[in-house]
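Biologist: Please take a close look at a single part of this structure, the nonpolar surface patch, and then relate that part to the nonpolar interior.

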Amino acid sequence: KERHGSLRLAPEGESAGAVISSGLRLTFTNKRIAMGFLTRLINTAPEFGMFIILPTVIAVQLEWGMSRWLVMTTVVYAGNILFNAAFGALCCRIGWTTTLRWFVIVGSAIGLLLWWYVPHIVPAGSDWGFVVSVAAGTVFGILLAGFVQLGAIMPALAPKHTGAAMAMYTTAAGGATFLGSAVVAVVRPWGGNVGVVWAFVVLYGL
């Protein structure tokens, strides 16, 4: 019974070209959409960056093997999926800004540091050390789930251009893959793997 399914959503008088380019125009003219775009661009960039540096670290340097690295990533991002709905409920209770700033941005930065440093602190190759390391990584995965609310925030910031806002949200989501890889490519030659991790922490801080 939702009539929007068969009706035009773009404002009257906007051409097809204007609609297609509206996401870019909206980002340059609406500061809050631009901030949402940058936040979405940064939020999962560490995920893709860690996919580049962690497999060798966990599997080879810390002697847990590739099969355990695969187990680790499965558990970390299973936690992410399971907590999506919980963060949606939390932001409805305490607000978008509070949830994003403290639980998600600060929390993800701390979780990322835990995922990097805990495996280096516990004995390499130990069974209990692996379990603790997986738990540390899962903290990052869970807190990263809080960014899911951006999918609701961005169209709410531009109620007359919801499609354009969502277009920029999904563009930033794809761009996170490139940003994560770019940070590794730029920072790793001089800062090493630990420099990459701290570069992502700085991005969260920004």
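Modeller: In this predicted model, Ile 94, Trp 102, Phe 103, Val 106, Ile 110, Leu 114 and Val 139 make a nonpolar surface patch of about 580 Å². Helix H7 contributes the largest share of the patch, namely five residues. One of the patch members, Ile 110, has its place in helix H7. Ile 110 has a relative accessible area of 47% and is therefore partly exposed, since the class of exposed residues begins over 50%.

Helix H7 (96–121) also takes part in the interior. The largest nonpolar core has 54 residues, and those that touch the most other members are Met 50, Leu 54, Met 72, Leu 112, Trp 115 and Tyr 204. At least two residues of this core come from each of helices H3 (31–43), H4 (45–61), H5 (65–82), H7 (96–121), H8 (127–144), H9 (150–157) and H10 (162–205). Of these, H10 gives the most, with 15 residues.

Leu 112 shows how such contacts reach across the sequence. Apart from neighbours within four places in sequence, Leu 112 is in contact with Pro 46, Met 50, Phe 140, Val 197, Phe 200, Val 201 and Tyr 204.

A further residue to examine is Ser 133, which lies in helix H8. Ser 133 counts as buried because its relative accessibility is 0%, and the limit for buried is under 20%. When neighbours within four places in sequence are set aside, the contacts of Ser 133 are Trp 64, Met 72, Trp 115, Val 118, Pro 119 and Val 122. Among them, Met 72 and Trp 115 were named above as core residues that touch the most other members.

Note on methods:
Residues numbered from 1 in each chain as written. Predicted model: local features only at pLDDT ≥ 70, side-chain atom pairs only at ≥ 80, totals over all residues. Heavy atoms only, no water. Core = buried A, V, L, I, M, F, W, Y, C linked by side-chain atoms within 4.5 Å. Buried < 20%, exposed > 50% of the residue type's maximum accessible area, 1.4 Å probe, protein only. Helix = DSSP H or I, 4+ residues; strand = E, 2+ residues; numbered from the N terminus. Contact = heavy atoms within 4.5 Å. Patch = residues over 30% accessible without salt bridge, like charges linked within 9 Å, V, L, I, M, F, W, Y side chains within 5 Å. Areas by Shrake-Rupley, 256 points an atom, 1.4 Å probe, with all protein chains shown as cover. Salt bridge = Lys/Arg side-chain N within 4 Å of Asp/Glu carboxyl O.
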